[in-house]
Each structure stands twice: as C-alpha cells, then as structure tokens.
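Visitor: I am new to this structure. Please show it to me, and let me ask how each label is earned.

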Amino acid sequence: MLFPQAMDLVDVRDVRVARTRPQTVPLPGEVVLGGGTWLFSEPQPGVHGLVDVTTAGWEPWTRTPDGLRVAATCTLAELAAIPAQPGWSAQSLFGTAVDALLGSWKIHRVATVGGNLCLALPAGPMIALAAALDGTALVWTPDGGERRVPVLDLVTGVRRTTLRAGEVLRAVDLPEHALTARVASRRASLSALGRSAAFVLARRDADGTFVLTVTASTDRPRQVRLPGVPTDVPTDVPTAADVVDAVDAIGDWYDDPHGDPRWRRATTLRFARELRDELAGGAA
Ligand SMILES: Cc1cc2nc3c(=O)[nH]c(=O)nc-3n(C[C@H](O)[C@H](O)[C@H](O)COP(=O)(O)OP(=O)(O)OC[C@H]3O[C@@H](n4cnc5c(N)ncnc54)[C@H](O)[C@@H]3O)c2cc1C
C-alpha cells in the first residue's frame, strides 16, 4: 500500500499495516497511525515507523450490554452517523462534538476518535465527549493484556496521556446511564471558524446528579460532579451558585493564542450557569 503523506515524514522508513493484534504493537521508534490528520501535518522527529491500525478491521461502533463501544479507529463522520438509538438522549452530543472540530468533511471522514483522544489537545472534542459521558478507554498493552482507564484520567495535559510505550487505544466504552441522560453543551471560540477556546458539556443523570465537563479552557478535561438536590419535584440539579463555585475552583485556565485565560474563565463560568439553568427543573 502506498502512503504518499508518509513520504513527507523524512525519517519514516517503514509503514506497517496491522491486521492482527500482535501487529498493532508499536515498536521503539514507531507510532500508531490513525487517520493521520495530525501525524502528517507536521514533522515528526524521531519517528522511524508508522503502524496503521485502521486496517485492523475493528467495527467502528457496537452496542454492548452496558451501552456503546466506539472503536479507536471509528472516524468522526462514522460517529456522527450512528443511527439514533431509542432513549439515548445524549447521542445529540455526538454531532455537536464532531462539529466542534472545525475541519472540513474531508478531515471528519479520516480523523479517528482514538487519534483525537491520544493527541490530547485541550480542544480535543472527542476527549470532551467521552469524558462528559463517563467514557472508559480500553487500552491494549504490549504483552497481550489490556487495561481500562476513565477518559478523564487518560488525558493528563497538553499532548500528555497515561498511555505507556507500546500501548494502543483499542476503544472507548460509553455507559448506558450517561447515554440516556439529559445533556446540553456550549462552545466558544475567538473567531467563527476558530478552534474551541471553551467547550463545556453538561449532563443531568436520572438521580439528579449534575456533571459538568470543562474542556478547551483548561489544559486537560476537568469535571465537576454534584449530587442532585431534593425539592418538591423528586430531585433537581444543584443551585447555580454551587455549580459556578465548583467550576471556579478549577482555578487553572489555559493560555494559548486561542484565548486569554481570564476570558476563558469568564466564558466557562457563564456557560456553567446557563447549562445548569437549561437542565434544571422538569424530569431527570
Ligand atoms: C483543519 C484541522 C482542524 C483541526 N482541529 C482540531 C481541533 O479542533 N481539536 C483537535 O483536538 N484536533 C484538531 N485537529 C487535529 C487532528 O486532526 C485531530 O485531533 C484528529 O482527531 C486526530 O485524529 P487522527 O486519527 O487523524 O490522528 P493521527 O494524526 O493519526 O494521530 C494523532 C496521535 O494519536 C496517536 N494515535 C492515533 N491512534 C492511536 C491509537 N489507537 N492508539 C494509540 N495512539 C494513537 C498517534 O500516534 C498520534 O500521536 C485539526 C486538524 C485539522 C487538519
């Protein structure tokens, strides 16, 4: 198979096409290739080989007894095209998150969910989506084993994850309790087609628990999880003041050309209040 883009990576000598699990393991000097929309976009010093996992034949998505499994190789376009599943109100966030990556449809058709997670940019919309829905990453270890880690803990900073040498992200599992929750989101950017500067996703669970996931305005996904409050309706979300205080306690606002940290904080707090109000009252 010809990889014209790999020819721009001048140090790359070999591209391996993985068809079996052992073939997916990146060896020293190799990195895993998803859609390549980032890997082929800049020099990759020290990278001598690519391991293409998009050829491994993983189903892009499957329903599981406890929800949804999204393969690491599922493209953003495939994720957005999953047919609406009865009762999964949170599925509305799939398209929202895909649209938050302001690439053309050509990028959406190639970029993978796994590539977005492993790249670990603050504005990674698949990180936001998976963290907001209590996603768990299924990681293949090079010895043939596997481990599971909440997406919230997988991404630890800008371009930093807890993936170790030789590990491959195989899939992300999204649980039913989150998929059936009420959700809402807000996104801000400095320009109409700019990268996300704040992308905040809210979830209200059946027991009234309010889960607010903050991304893009922080260097890694941050989450505020507050219990429901008993009222004359069975339970309601916490007060706006409690939500805003909890979000403000994050205290660590990201600073890059996509937004001043003070503006990011103010925008995130406004979003937190709006999202709390949007999901307050009514049925869970
Ligand atoms: C116009 C444009 C706009 C963009 N906007 C955004 C944006 O808003 N937010 C954002 O986050 N990114 C953005 N990107 C960057 C990039 O396109 C996306 O992050 C994309 O989702 C990366 O996915 P990929 O499959 O192409 O990853 P690749 O480029 O193939 O890989 C990315 C990284 O993940 C690793 N990797 C891939 N798959 C696995 C796996 N299964 N296991 C272990 N490691 C793996 C690779 O080794 C590499 O380090 C943009 C790119 C373009 C061109």
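Guide: Let us start with the sheet. This is a predicted model. Here 5 strands form an open sheet, in the order β4-β5-β10-β6-β7, and the pairing is antiparallel.

Visitor: What makes β4 and β7 the edge strands?

Guide: Each of them pairs on one side only. β4 covers residues 61-64, and β7 covers 146-150. Neighbouring strands of this sheet are turned by 25° against each other on average, with direction ignored.

Visitor: How do you know that β5 and β10 pair?

Guide: Two strands pair if there are at least two bridges between them. β5 (residues 67-71) and β10 (residues 168-175) have 5 bridges, so they count as paired. Their sense is antiparallel.

Visitor: Which residue in β10 stands opposite Leu 68?

Guide: That is Leu 174. Val 70 has a bridge partner in β10 too, namely Val 172.

Visitor: What makes β6 and β10 a pair?

Guide: The rule again asks for at least two bridges. β6 (residues 136-140) and β10 share 5 bridges, in the antiparallel sense, so the pair qualifies. In β10, Asp 173 is the bridge partner of Thr 136.

Visitor: Why is β10 called mostly covered?

Guide: A residue is buried when its relative accessible area is under 20%. In β10, 8 of its 8 residues are buried, so the label fits.

Visitor: What makes α6 largely enclosed?

Guide: The cut-off for buried is again under 20%. In α6, 8 of the 8 residues are buried, so the helix is largely enclosed by the rest of the structure. Its buried residues are Pro 125, Met 126, Ile 127, Ala 128, Leu 129, Ala 130, Ala 131 and Ala 132. Asp 134 follows α6, and its phi is positive, near 55°.

Visitor: Now the empty spaces. How many cavities of 30 Å³ or more does the structure hold?

Guide: It holds 2. The largest cavity has about 60 Å³ of space. Val 70, Leu 79, Val 113, Met 126, Leu 129, Ala 130, Val 172 and Leu 174 line it.

Visitor: Which elements supply at least two residues each to the lining of the largest cavity?

Guide: α6 and β10 do. α6 gives the most, with 3 residues.

Visitor: How do the residues of that lining divide by class?

Guide: There are 8 nonpolar residues, no polar ones and no charged ones. Val, Leu, Met and Ala count as nonpolar.

Visitor: What lines the second largest cavity?

Guide: Leu 121, Pro 122, Gly 124, Ile 127, Val 155, Thr 215, Asp 219, Arg 220 and Pro 221 line the second largest cavity. It holds about 30 Å³ of space. Its lining has 5 nonpolar, 2 polar and 2 charged residues. Asp and Arg count as charged, and Gly as polar.

Visitor: And the largest pocket: how much space lies in it?

Guide: About 1,200 Å³. The largest pocket is lined by 49 residues. The closest to its centre are Trp 38, Gly 115, Asn 116, Cys 118 and Leu 119.

Visitor: Which element gives the most to the lining of the largest pocket?

Guide: α5 does, with 5 residues. β2 (30-33), α5 (113-119) and β10 each supply at least two residues. By class, the lining has 25 nonpolar, 18 polar and 6 charged residues.

Visitor: Cys 118 is among the residues closest to the centre of that pocket. Why is Cys 118 called partly exposed?

Guide: Buried means under 20%, exposed means over 50%, and partly exposed lies in between. Cys 118 has 30% relative accessibility, so it counts as partly exposed.

Visitor: Is Cys 74 buried or exposed?

Guide: Cys 74 has a relative accessible area of 0%. That is under 20%, so Cys 74 is buried.

Visitor: How do you know that Cys 74 is too far from the closest cysteine sulfur for a bond?

Guide: A disulfide needs two cysteine sulfur atoms within 2.5 Å. The sulfur of Cys 74 is 14 Å from the closest cysteine sulfur, in Cys 118, so it is too far for a bond. Cys 118 is in no disulfide either; its nearest cysteine sulfur is that of Cys 74.

Visitor: What does the count of disulfides come to?

Guide: By this rule, it comes to 0.

How values were computed: Residues numbered from 1 in each chain as written. Predicted model: local features only at pLDDT ≥ 70, side-chain atom pairs only at ≥ 80, totals over all residues. Heavy atoms only, no water. Buried < 20%, exposed > 50% of the residue type's maximum accessible area, 1.4 Å probe, protein only. Helix = DSSP H or I, 4+ residues; strand = E, 2+ residues; numbered from the N terminus. Axes fitted to C-alpha atoms, helices over the stretch in contact; angles between N-to-C directions. 1 Å grid on protein atoms, 1.4 Å probe; cavity = no way out; pocket = protein on both sides within 12 Å on 5 of 7 lines; lining within 4 Å. Points joined across faces, edges and corners; volume = space filled by probe spheres on them.
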